[in-house]
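Here's a new structure to get to know. Shall we walk through it with a few questions?

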Amino acid sequence: MDAIAQKVEALKSEMIGDRRFFHSHPETGWFTFFTTAVIADRMQRLGYEIKLGRKVVKAEARQGVGSKDACEKARQRAEKLLNADQIKFLDAMEDGLTGLVAEIDTGRAGKTVAFRFDIDGVDVTESTDADHRPFKEGFRSDISGITHACGHDGHITMGLALAKLIAQNLDDFSGKFRFIFQTAEEGTRGAVGMEAAGVTKGVDYLLGGHIGFQANTMRGIICGTKKLLATTKFDVSLKGKSAHAAGAPQNGANALLAAAEMALDMHGITRHADGVTRINVGVLRAGEGRNVIAPNGYLACETRGESTELNEFMKAKCMDIVEGVSKIYGVSYDVQVTGGTAGGDSDEATTQLYEDAAKASPFIDDDKIVRELSFGACEDFAHFMRSVQDAGGKSGYLMIGTTLAAGHHNAKFDFDEDSLLAGVDVYLRCAYKLNGKA
């Protein structure tokens, strides 16, 4: 075990403690007040310059913010959990401008290397089954309806450990290191608002990844993730006109039938020859009574595409359907975009960087290293990745091998905490490769 691995190994107990701490206090969407404040306090103590609120989020660019009532409840919960040193960070977060950027400058010329770690949980009530480890060992979620069922508690932990190791060994490095702790990744809602505030500006390399997904073997790694799908999440609200279903049906405008036809027509959109496209209407609600022409309708929809252009093709077709069907049924409509991200591929330079680091890591087995794999799903990181690549920088997304107790977003989700060592080790080796002093 070399010096880098020894430094990582020395933090194992601390990492497990951090992971379980954040697992116990999950938050979702833009309302990660507690999580952001704790991270800000920790990073500031390590010597990083902290940026919060409007410095890292463009408020008007946010998607799927949520209600004012939910925001206030989340903030009040955070205030009860935070200590006096942490609570001061809340003021900058206003109505959910959560997430943060932390940067440290070595004072020596070099690259700007950024790492992105997502910090939000999901809307899942965690299991209380006796065989569920977080419940059995006392670190289950402290709130009903929210849990870290995707591994972002592990991502926060890796980010803090990596930041500590870089700060403690700053004389080993040149250039700058930037840590982007992103909120609202679930639902692909956060990257657009943060990128619009300039959090990736000037970045030469942006590194990020995820525990699990297709990397489902301990001591394994997927170095270059391809085909991160672009997506748009949107809600359609329809307003029709009620009328007696038997006595005067001609006076009504049926929003239920309009919603149903929209759903069927969207699922019938011709797929594109240039790549993978997807459409799903996940929710359809309408009507008020069995003998009333339905005056309202609601659809929760999403499109996906292998590229941003393919996703835009699907979205445009959906908008045509909404407009056309609304005219046919005489209803009005309102479309609200609640989330979305670009598509993209890890570039070859970053894939090679990850692969070289993985081969040097004692926490990863050579025969479990996968150079490239198609993701076939969406990840908010792609929006950041695309912005860095479009500006001439390099970026890529890895997947860190682990064994899972249950799948992502499952009430019994849990992962092997030894995988945290592999993640931090690879990221740290990349930091040395990119900005290590000769």
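What follows is a set of questions and answers about this predicted model.

Q: How many disulfides does the structure hold?
A: A disulfide is a covalent bond between the sulfur atoms of two cysteines. To count here, two sulfur atoms have to be within 2.5 Å. Cys150 is in no disulfide, with its nearest cysteine sulfur, that of Cys378, 13 Å away. Cys301 is in no disulfide either, its nearest cysteine sulfur being that of Cys318 at 6.6 Å, and the count for the structure is zero.

Q: Is Cys301 buried or exposed?
A: The cut-off to keep in mind is that buried means under 20% relative accessible area. Cys301 has a relative accessible area of 6%, so Cys301 is buried.

Q: What is the relative accessibility of Cys150, and how does that residue count?
A: Let's use that cut-off again: under 20% is buried. Cys150 falls in that class, so the label is buried and the value is 4%.

Q: Which residues of helix 10 are buried, and where on the helix do they lie?
A: Helix 10 covers residues 308-329. Its buried residues are Leu310, Asn311, Met314, Cys318, Ile321, Val322, Val325 and Ser326. Looking down the helix axis, you'd find them within an arc of 145°, so they line one face of the helix.

Q: Which residues are exposed on the other side of helix 10?
A: Exposed means over 50% relative accessible area. On the side of helix 10 away from the buried residues, the exposed ones are Glu309 and Lys327.

Q: What covers the buried residues of helix 10?
A: The cover includes one helix, helix 9 (255-267). Strands take part as well, and the ones included are strand 7 (230-239), strand 8 (277-286), strand 9 (296-305) and strand 10 (332-341).

Q: What is the order of the strands in the open sheet of four strands, and which stand at the edges?
A: Strands of a sheet pair through backbone hydrogen bonds, either parallel or antiparallel. In this open sheet the pairing is antiparallel and the order is 8-9-7-10. Strand 8 and strand 10 each have a single partner strand, so one side of each is left without a neighbour in the sheet. The edges, then, are strand 8 and strand 10.

Q: Over how many bridges do strand 7 and strand 9 pair?
A: Within this pair, Asp235 stands opposite Ala300 in strand 9. Strand 7 and strand 9 run in the antiparallel sense, and their bridges number ten.

Q: At about what angle does helix 9 run to strand 8?
A: Helix 9 lies across strand 7, strand 8 and strand 9. Against strand 8, its angle is about 165°.

Q: In which sense does strand 12 pair with strand 5, and in which with strand 6?
A: Strand 12 (residues 394-400) is mostly covered, with six of its seven residues buried. With strand 5 (residues 205-211) it shares seven bridges in the parallel sense, and there Gly208 has Tyr397 as its bridge partner. With strand 6 (residues 221-226), strand 12 has two bridges, one partnering Ile221 with Ile400. So much for the details: strand 5 pairs as parallel, and strand 6 as antiparallel.

Q: How many of the 17 residues of helix 7 are buried?
A: Helix 7 takes in residues 152-168, and its end C-alpha atoms are 24 Å apart, which agrees with the expected span. Helix 7 is largely enclosed by the rest of the structure, because its buried residues number 16.

Technical notes: Residues are numbered from 1 along each chain as its sequence is written. This is a predicted model: local features need pLDDT of at least 70, side-chain atom pairs count only at pLDDT 80 or more; totals for chains, interfaces and linings use all residues. Side-chain values use heavy atoms; hydrogens and water are left out. The expected span of a helix is 1.5 Å times one less than its number of residues. Buried means under 20% relative accessible area, exposed over 50%, partly exposed in between (1.4 Å probe, protein chains only). Two strands pair if DSSP finds at least two bridges between them. The arc is that of the directions from the helix axis to the C-beta atoms. Contact means heavy atoms within 4.5 Å. Axes are lines fitted to C-alpha atoms, for helices over the stretch in contact, and angles run from 0 to 180 degrees between N-to-C directions.
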